[in-house]
Amino acid sequence: MSAAILELSDVHKHYTNGDTTVRALDGVSLTIRRGEFVAIMGQSGSGKSTLMNIVGCLDRPTSGSYRVLGKEAANLSADELASLRRETFGFVFQRYNLLATATAGENVEIPSVYAGLPKQKRSQRASGLLQRLGLGDRTDHRPNELSGGQQQRVAIARALVNDPPVILADEPTGALDTRSGDEVLTLLKELHAEGRTIILITHAENVAQHASRIVRIQDGQILDDNGTIETETVDATGAENKVCASGVSLGTSMQEALVTAWRSLQVNMFRTVLTLLGIIIGVAAVVAMLAVGEGSRQKVLDRISSFGTNLMLVRPGAEGIRNSGDIATLIPEDAAALKKLPNIETALPERSGRMTVRYGNRDYQTSVQGTGEDFPSAREWQVAEGQFFNADDMKQYAPVVVLGGTVAKTLFPDGRASVGKYVLLKNVPFLVIGVMTEKGASPNGSDQDDVIFLPINTGLVRLFGKNYLSSITLKVSDAADIAATQERVENLLRERHRTEDFRVRNMASYLQAAMETQDTFTLLLGTVAAISLLVGGIGVMNIMLVSVVERTREIGIRMATGARTRDILLQFNIEAAVVCAAGGLLGILVGVGAGMILRYSGMTVIFFMTPALLAFACASATGLIFGYLPARKAARLDPVIALASE
Ligand code: ADP
């Protein structure tokens, strides 16, 4: 006699539903030896499927002992059971249980994927089996393109792919016409002849007759067993040799999970796109908003630092009071006094106003600025032609002007010389002694070259008609000491004015204040964007949960064919991660696109890598985190329950 391969002794399976207990199996003892062809026969409700689930390690008995190849199944963990299933059993179900989204070849491969067989060997084996079962030309067909009989043959090929010693067939002919049913039975007999142990579950007498041993079951108990009939043809040793590695390499299952993920996302394309949209919007928002934030920050920074960080500005009017109109508190003598302070390199008394300048019959409105002779060095802005006015011009109230580039071009088109000509300001003739180099537009878009400079003294007397200043620009020698210098400036002015009717700002402090505002702004934008990413993540979780419910049966099939908890966990997690990573990539593109549009519409937008990478990483992490819960839910499903779901 050959060795016992499966041994059940006094196995009970009870289902309790409220007060009633159903004894689906009620003390079953059964030994099946290697190489037997056993039919388990009984009426519907007799407990056949329950027995098959226990035999196939899909379910555990309530009590009693079940040993597979001498190992007590009750002592095995879920993953050990999975590997036992994978290595020992090939399942054939009444309803075929093929994955609708996979081709025949891929369906056949599934158990070998979980067994860790390399891709090439897998497909070789799968197509070899399909060939043998007469489906060589159907490898790339999906189940819905195959007849029932063909689908069942695919299922048999799947059961054989890991070359298991035992084939468990649960009503394999139940859904088939007579001819297809006969084909399947012939096939089972062939497999038996090759040395496999076949357990056939059926309610039909004529089907059971194909087996060499018939075990009749009723109300969860064995009614009759025509005993063990030794078959001579059996070569029981071959089947036990494993064709596959016992563990799945992470790489293989990862790759497989990626393919499966992509497949299942493709099947529900519309839903996938909607889910993606959530992530895309989130990531795009992060990228675009932070680019806008950075742009506006840079713009403010440029504007302020173009003025120079070693500069201080004194303006008339007390702190905190909105001043309208002119305030007559700063005078040129203040500038002269300030210039004598230590660390002050230059003090420029300034006043400006808009005026019409005339040359010949051309009139042009521009900004006229009275300033000191040190202007070019303080503002690092040189003349292009002629010269800037000097201290003598200042003392003598000389009627001279230096033109900004735009004014020079407007009044003297075609490159005609302007230096040495006279222009009229308020009908007073002024000699053009120089033209400034062009500075171009300021960061806020105004034309810095649309200006005329003249000695402040001349301006106050001849043009502005009043003897006070609109500002004093101070340049310090040592920018590091700017705070102390500012204090000295304030003290001196307070002494001179006997009141605090002025404000002093240094550019560094402007810069800092502006940066703080900008950072808050960027943070605000970033937060809004992060919230939308979070909402996207919740969307992903929602869809994944729905997907788990929808695909419970698929999960059951995968588990029956040997998937471990972590294979299922990995698969669903990867699906979520794939959605989020794809959403992340598209989101970056959309974000950059949106930023480009904003830039085109005149906004300063600066892209930088960090937020894009960060958003992508966030999206992928969102996938992993929000995908974990659904994935765990899927992985924890009981294989029997999962298989039973419609
Ligand atoms: P068969 O496969 O022979 O038709 P089953 O093994 O499916 O029979 O069921 C045997 C008995 O156990 C039936 O009375 C059935 O109603 C009951 N049963 C099966 N599964 C469950 C379950 N999950 N919960 C409660 N009762 C069940």
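A residue is called buried when its relative accessible area is under 20%. The exercises below apply this cut-off and others to a predicted model.

**Exercise 1. Decide whether aspartate 567 is buried or exposed, and find the backbone atom that its side chain reaches.**

Solution.
- Step 1: Locate the residue. Aspartate 567 lies in helix 18.
- Step 2: Compare its value with the cut-off. The relative accessible area of aspartate 567 is 5%, and the limit for a buried residue is under 20%. Aspartate 567 is therefore buried.
- Step 3: Examine the side chain. The side chain of aspartate 567 comes to 2.8 Å from the backbone nitrogen of arginine 564.

**Exercise 2. Describe the surroundings of the ligand: which residues form the shell, and which polar atoms lie at short range from ligand oxygen atoms?**

Solution.
- Step 1: List the shell. Around the ligand are Tyr15, Val22, Ala24, Gln43, Ser44, Gly45, Ser46, Gly47, Lys48, Ser49 and Thr50.
- Step 2: Classify these residues. Three are nonpolar, seven are polar and one is charged.
- Step 3: Consider the backbone. For glycine 47, a backbone N or O atom is 3.1 Å from a ligand oxygen atom. For lysine 48, a polar backbone atom is 3.0 Å from an oxygen atom of the ligand.
- Step 4: Consider the side chain. In serine 49, a side-chain N or O atom is found 2.7 Å from an oxygen atom of the ligand.
- Step 5: Assess the cover. The ligand alone would expose 550 Å², of which the protein buries 59%.
- Step 6: Assign the shell to elements. Strand 2 (20–33) and helix 1 (48–55) each give two or more residues. Helix 1 gives the most, with three residues.

**Exercise 3. Determine where the residues cysteine 57 and lysine 426 lie, and state what is notable about their phi angles.**

Solution.
- Step 1: Recall the general rule. Most residues other than glycine have a negative phi.
- Step 2: Apply it to cysteine 57. Its phi is near 60°, a positive value in a residue that is not glycine. Cysteine 57 belongs to the loop between helix 1 and strand 4 (63–68). Its relative accessibility is 3%, so cysteine 57 counts as buried.
- Step 3: Apply it to lysine 426. Although lysine 426 is not a glycine, its phi is positive, at about 50°. The loop that holds lysine 426 runs between strand 16 (422–425) and strand 17 (428–436).

**Exercise 4. Explain why helix 17 is described as largely enclosed.**

Solution.
- Step 1: Identify the buried residues of helix 17. They are Thr552, Arg553, Glu554, Ile555, Gly556, Ile557, Arg558, Met559 and Ala560.
- Step 2: Draw the conclusion. Because nine of the nine residues of helix 17 (residues 552–560) are buried, the rest of the structure largely encloses this helix.
- Step 3: Look just beyond the helix. Glycine 562, just after helix 17, has a positive phi of about 110°.

**Exercise 5. Establish where the largest nonpolar core lies in relation to domain 1 and domain 2.**

Solution.
- Step 1: Recall the general tendency. In soluble globular proteins, nonpolar side chains tend to be buried together.
- Step 2: Describe the core. The largest nonpolar core contains 73 residues, and Leu6, Ile40, Val55, Tyr66 and Phe89 have the most contacts inside it.
- Step 3: Find the main contributor. Helix 18 (residues 565–600) gives the most to this core, namely nine residues.
- Step 4: Place the core. Since both domain 1 (4–247) and domain 2 (261–301 + 513–644) give residues to this core, it lies between them.

Definitions and conventions
Residues are numbered from 1 along each chain as its sequence is written. This is a predicted model: local features need pLDDT of at least 70, side-chain atom pairs count only at pLDDT 80 or more; totals for chains, interfaces and linings use all residues. Side-chain values use heavy atoms; hydrogens and water are left out. A residue is near a molecule or strand if one of its heavy atoms lies within 4 Å of it. A polar contact is a pair of N or O atoms within 3.5 Å; within protein, one must be able to donate a hydrogen and the other to accept it, and residues adjacent in sequence count only if both atoms are side-chain atoms. Accessible areas come from the Shrake-Rupley method with a 1.4 Å probe; for residues, only the protein chains shown count as cover. Helices (H or I, at least four residues) and strands (E, at least two) are DSSP runs, numbered from the N terminus. Ala, Val, Leu, Ile, Met, Phe, Trp, Tyr, Cys and Pro count as nonpolar, Asp, Glu, Lys and Arg as charged, and the others, Gly among them, as polar. Buried means under 20% relative accessible area, exposed over 50%, partly exposed in between (1.4 Å probe, protein chains only). A nonpolar core is a set of buried Ala, Val, Leu, Ile, Met, Phe, Trp, Tyr and Cys residues joined through side-chain atoms within 4.5 Å. Domain bounds come from an automatic or database domain assignment.
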